[in-house]
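Me: Please take a close look at one part of this structure, the pairs of aromatic rings, and then set that part in its surroundings. I am in my first year, so give the cut-off for each term.

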Amino acid sequence: MARRAVEQELSRERILEAARHLFITKGYRAISMRSIGQHLGYSHGSLYYHFKEKAELFYAIVVEDFNHVATLLGQVMNKPPEEGMTRVEQLIMEFIRFGIDHPYQYEIMFMIRDEELLAYCRAEQGRCFDLFSSIVRRHMKEEGYVSEDWQNVPLTLFLSAHGFISYYIQDKVSFEDVKEAASAHIKVLCRSL
């Protein structure tokens, strides 16, 4: 009976957040279900109530984070852009905001180097890029851009935003700290559109 109460106190969300932090700070291979449980103050057995194995836990983190980004990008499409910005500029700004404000998530999603773990990320990365690309292409079509650019421009914009995030994420800054630089970066990028 007491064991069930402990399992109810240890939420899936708490496990995901602790594991996300530990995977980034110590590395996936250095972390075990036991060390995650210890970090949370629970036995590793209580984690198995939510996840069968460490790989399943990692994949749950990846899917949750990419779903969050997909929701943010979808919201960009459903509201008018901020004054002085195009929809594509707003899209890039929101992507940069997410990366800077959620560095642990972003690193797991886009910067992990472990070959075994990349297999968990690649499909979700592709889904994220496809959504980003479809929004950019829709804007380009609406604005009358030539169709030859529809294939290359989304990748160029995506990689440039990723480069911006990768550069600033190491400094542990907030989005507000780099918002002006992000805006200037985006304006230069989109000027060529």
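Reply: The answer starts with the whole model, goes on to the rings, and ends with the pocket and a few single residues.

This is a predicted model, in which local features need pLDDT of at least 70 and side-chain atom pairs count only at pLDDT 80 or more, while totals for chains, interfaces and linings use all residues. Residues are numbered from 1 along each chain as its sequence is written, and side-chain values use heavy atoms, with hydrogens and water left out.

The protein has 10 helices and zero strands (helices are DSSP runs of H or I with at least four residues, strands are runs of E with at least two, and both are numbered from the N terminus). Its C-alpha trace spans about 65 × 30 × 30 Å along the principal axes. Of the 193 residues, 45% count as buried (under 20% relative accessible area; exposed is over 50% and partly exposed is in between, with a 1.4 Å probe and protein chains only).

Now the rings. A pair of aromatic rings is described by the distance of the centres and the angle of the planes. In the whole structure, 14 aromatic pairs are found (rings of Phe, Tyr and Trp, the last by its six-membered ring, with centres within 6.5 Å; planes under 30 degrees apart are stacked, over 60 edge-to-face, the rest tilted). F66 and F110 form an edge-to-face pair, because their ring centres are 5.4 Å apart and their planes stand at 70°. This pair links distant parts of the chain: F66 belongs to helix α5 (residues 54–77) and F110 to helix α7, 44 residues apart. Both F66 and F110 are buried.

F110 has another partner, F158, with centres 5.9 Å apart and planes at 65°, so this pair is edge-to-face too. Since F110 lies in helix α7 and F158 in helix α9 (residues 149–169), the pair ties together parts that are 48 residues apart in sequence. The relative accessibility of F110 is 15%, so F110 counts as buried; F158, at 8%, counts as buried as well. Ring pairs join F66, F95, Y106, F110, F129, F132 and F158 into a cluster.

Helix α7 (103–111) also meets the largest pocket, where α7 and α2 (12–26) each supply at least two lining residues. α7 gives the most, with three residues. The lining has 13 residues, and F23, I24, M111, I112 and R113 lie nearest the centre of the pocket. By type, the lining divides into seven nonpolar, two polar and four charged residues. Domain 1 (1–52) and domain 2 (55–190) both contribute to the lining, so the largest pocket lies between them (domain bounds come from an automatic or database domain assignment).

Elsewhere, the charged end of K54 sits over the ring of Y28, 4.1 Å from the ring centre (NZ of Lys or CZ of Arg must be within 6 Å of the centre and within 35 degrees of the ring normal). I186 lies in helix α10 (residues 175–191) and is buried, with a relative accessible area of 1%. The C-alpha atoms of I186 and E56 are 37 Å apart, and these residues are separated by 130 residues along the chain. K172 is in the loop between α9 and α10. Phi of K172 is near 55°, a positive value in a residue other than glycine. With 60% relative accessibility, K172 counts as exposed.

Note on methods. 1 Å grid on protein atoms, 1.4 Å probe; cavity = no way out; pocket = protein on both sides within 12 Å on 5 of 7 lines; lining within 4 Å. Nonpolar A, V, L, I, M, F, W, Y, C, P; charged D, E, K, R; others polar.
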